[in-house]
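Here are my comments on the model you sent round, set out as numbered points. They deal with aromatic contacts, charges over rings and cysteines, in that order.

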Amino acid sequence: MALVSAKEMLKKAIDGKYAVGQFNINNLEWTKAILQTAEEMKSPVILGVSEGAGKYMGGFKTVAAMVSAMIECLGITVPVAIHLDHGTYEGCYKCIEAGFSSIMFDGSKFPIDENVAKTMELVDVCNKKGLSLEAEVGAIGGEEDGVIGRGECADPDECKKIADLGIDMLAAGIGNIHGKYPADWPGLSFDTLAAVKKKVGNMPLVLHGGTGIPTDQIKKAISLGVAKINVNTECQLAFAAATRKYVEEGKDLVGKGFDPRKLLAPGVEAIKATVKEKMEIFGSIGKA
């Protein structure tokens, strides 16, 4: 199956009261693990690529080509979108040119009028090319790939302004943060989420910072219109822990030296387990 936009899979998620997972990729091993798990679970999936990860992997064209080739060679049949995560205005155009099927323009740092203007322009471009577009109102807390937010709650009226432009999904800050949540984190603001939902109707909402949010809060968010949930840190932690354990136990000393395929294998299995667990919580298993 070729890459698809996220539009149709998120529409189905809204109707079915579940969420599609966006799992960020950082290398070939992560990509393969996520795709194989999605196929095994018969779940649609979104592969997120930050601008930093795209640069690390050799550029957006390299990433898009790798994902497309892997889908073909692995015989992946479930819907797969490759999505720019927290894209700059310039980064969005680079990913459109590179062959991404979905992009996120993070205009939350701009005044609302500038966010609206830039988003409106990208809506027109994406519609012509059949790509899905995510926009953001209210910065997500914490730091991811150099993007820093305070974690403020979005203004529902501003959310409506952006949603009415014709985007396909909206990331609205509701107290969620990137990275690990601190012990004193007060939880998601469901009052804000409900107010945003009332303003934007059936617009699929996106929950960034899916790592560490309690399961009951995730399920409540889905019931209030969240159709896409982003996970990155949890995969990073699982991969690092499994790889570290393998090294510490000395199991990577094979023959004449280190075999990277054996060294990374435990981390790959840890990512598969993490992705499967999240898909179960999100309710996307069997929805492809």
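**Notes on aromatic rings and cysteines**

1. I begin with Tyr93, which at 29% relative accessibility counts as partly exposed, since that value falls between the 20% limit for buried and the 50% limit for exposed. Please bear in mind throughout that this is a predicted model, and that the values quoted here are computed from it.

2. Tyr89 likewise counts as partly exposed, at 22% relative accessibility. Tyr89 and Tyr93 lie four residues apart in helix H5 (residues 89–98), so about one helical turn separates them.

3. How many aromatic pairs does the structure hold? There are five. In one of them, the rings of Trp30 and Phe239 have their centres 5.7 Å apart and their planes at 55°, and the pair is therefore tilted, given that an edge-to-face label would need an angle over 60 degrees. Because Trp30 belongs to helix H2 (residues 28–41) and Phe239 to helix H10 (residues 233–248), this pair ties together parts that are 209 residues apart in sequence.

4. Are the two partners of that tilted pair buried or exposed? Trp30 is buried, with a relative accessible area of 4%, and Phe239 is buried as well, with a relative accessible area of 13%. As for the rings of Tyr89 and Tyr93, their centres are 5.5 Å apart and their planes stand at 75°, so this pair is edge-to-face.

5. Tyr89 and Tyr93 should also be read in a wider setting, since they form one aromatic cluster together with Phe105 and Phe110. Tyr89 has a charged neighbour too: the charged end of Lys118 sits over the Tyr89 ring, 5.4 Å from the ring centre.

6. A further charge over a ring is found at Phe190, where the charged end of Lys220 is placed 4.6 Å from the centre of the ring.

7. Turning to the cysteines, the structure holds zero disulfides. Cys126 is in no disulfide, and the nearest cysteine sulfur, that of Cys92, is 7.3 Å away, whereas a disulfide would require the two sulfur atoms to lie within 2.5 Å. Cys126 counts as buried, at 1% relative accessibility.

8. Cys159 is in no disulfide either, and in this case the nearest cysteine sulfur belongs to Cys153, at 10 Å. With a relative accessibility of 0%, Cys159 counts as buried.

Methods. Residues are numbered from 1 along each chain as its sequence is written. This is a predicted model: local features need pLDDT of at least 70, side-chain atom pairs count only at pLDDT 80 or more; totals for chains, interfaces and linings use all residues. Side-chain values use heavy atoms; hydrogens and water are left out. Rings of Phe, Tyr and Trp (its six-membered ring) pair if their centres lie within 6.5 Å; planes under 30 degrees apart count as stacked, over 60 as edge-to-face and the rest as tilted. Helices (H or I, at least four residues) and strands (E, at least two) are DSSP runs, numbered from the N terminus. Buried means under 20% relative accessible area, exposed over 50%, partly exposed in between (1.4 Å probe, protein chains only). A charge sits over a ring if NZ of Lys or CZ of Arg is within 6 Å of the ring centre and within 35 degrees of the ring normal.
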